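Okay, thanks everyone, let's get going. I'll put the structure up and then talk through a few spots in it.

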Amino acid sequence: MEKYIDSLSKSVLFKNIDRDEIVKLLALVPYSIGDYTKGDIIAIEGDNCSSLGVILEGKVEIHKPFPSGKVVTINHFEAGNVFGESLIFSDESKCPANVVASTNCRIMNIEKENIIKIMESNGAALNNFVALLSNRILMLNERITNLSYDTIRKKIANIILIEYSKQKNKYLTLPFCRKKMAELLNIPRPSLSRELIKMKEDGIIDYHKNKLKIKDMRLLEKCLLE
């Protein structure tokens, strides 16, 4: 377990908890560790979810498949993140989407009753878990708000303004590639590219790959009102 302490100390579940205390907490409960290669299915839509997944190494994505064959990437997580936190305490603990390894990864699984033991033993772990749930709710609200906008420009403007509020800088590093951005906005990638070009021509933004500059905040905010 010692070799995973660096990853666990960066995890949202063990944030601000001393390394030695993390070792003690994990000694209280059983857990399992699984290795996955890129493209492996970690969990399938409809599976029972009774454990919390802690990403020790690598990255995973949450994919929502549709009957038409279309697959939308709902979210992506990297080492230190967790998944399944909103399901293990739910009356309906079925996975709503597929969890897929986007790189080779290593996942720690902790069953519901053992998560409870950890939170009972350490107040910081309890606070971290509650904060995690709150942040997931806020993220979901952001996603719902974005999907409610009726034009591609409004969707793009909204997600840029969200990142601006997080990074507090007009020079942004977007945490996703163009393909992922299109999936998050639920729009075709070519349509996204065309609108970004138009917004650049209109003097609202400038960009290169995942680096973006807000050139005119007033015009960017106006996009949401058009």
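So, Lys155: leaving out residues up to four places away in sequence, this lysine touches Asn146, Leu147, Tyr149, Leu185 and Ile187. Before anyone asks, this is a predicted model. Lys155 sits in helix α5, which covers residues 152-167. Now, is Lys155 buried or exposed? Buried, and yet there's no salt bridge for it. The nearest side chain of opposite charge is Asp150, and that is 8.1 Å away. A salt bridge here needs the lysine nitrogen within 4 Å of a carboxyl oxygen, so at 8.1 Å Asp150 doesn't qualify.

One of those contacts, Leu185, takes us to helix α6, residues 178-185. What does α6 lie across? It lies across β4 and β5, running at about 120° to β5.

Then there's how α6 meets helix α7, which is residues 189-201. Quick reminder: two packed helices are described by the angle between their axes and the distance between the axes. For α6 and α7, the axes come within 9 Å and cross at roughly 105°, so these two helices are roughly perpendicular to each other. If you want to find the contact on screen, look on the α6 side for Arg178, Lys179, Met181, Ala182 and Leu185. Those meet Arg189, Leu192, Ser193 and Leu196 in α7. So Leu185 turns up again: Lys155 touches it, and it's also part of the α6 set that meets α7.

Right, on to the sheet with β4 and β5. Four strands make an open sheet, in the order β2-β7-β4-β5, with antiparallel pairing. At the edges you have β2, residues 41-43, and β5, residues 71-78, and each of those pairs on one side only. From one strand to the next, the twist averages 30°. β4 is residues 59-65, and its antiparallel pairing with β5 runs over seven bridges. To get your bearings there, find Pro65, which stands opposite Val71 in β5.

Last stop, strand β3, residues 51-57. How many of its seven residues are buried? Six, so the strand is mostly covered. β3 pairs with β8, residues 105-111, in the antiparallel sense over six bridges, and Leu52 has Ile110 in β8 as its bridge partner. β3 is also joined to β6, residues 82-83, by two bridges, again antiparallel. In that pairing, Val54 stands opposite Val82.

That's my tour, happy to take questions.

Conventions. Residues are numbered from 1 along each chain as its sequence is written. This is a predicted model: local features need pLDDT of at least 70, side-chain atom pairs count only at pLDDT 80 or more; totals for chains, interfaces and linings use all residues. Side-chain values use heavy atoms; hydrogens and water are left out. Two strands pair if DSSP finds at least two bridges between them. Axes are lines fitted to C-alpha atoms, for helices over the stretch in contact, and angles run from 0 to 180 degrees between N-to-C directions. Contact means heavy atoms within 4.5 Å. Buried means under 20% relative accessible area, exposed over 50%, partly exposed in between (1.4 Å probe, protein chains only). Lys and Arg count as positive and Asp and Glu as negative; His and the chain ends are not counted. Angles under 35 degrees count as roughly parallel, over 145 as roughly antiparallel, 65 to 115 as roughly perpendicular and the rest as oblique.
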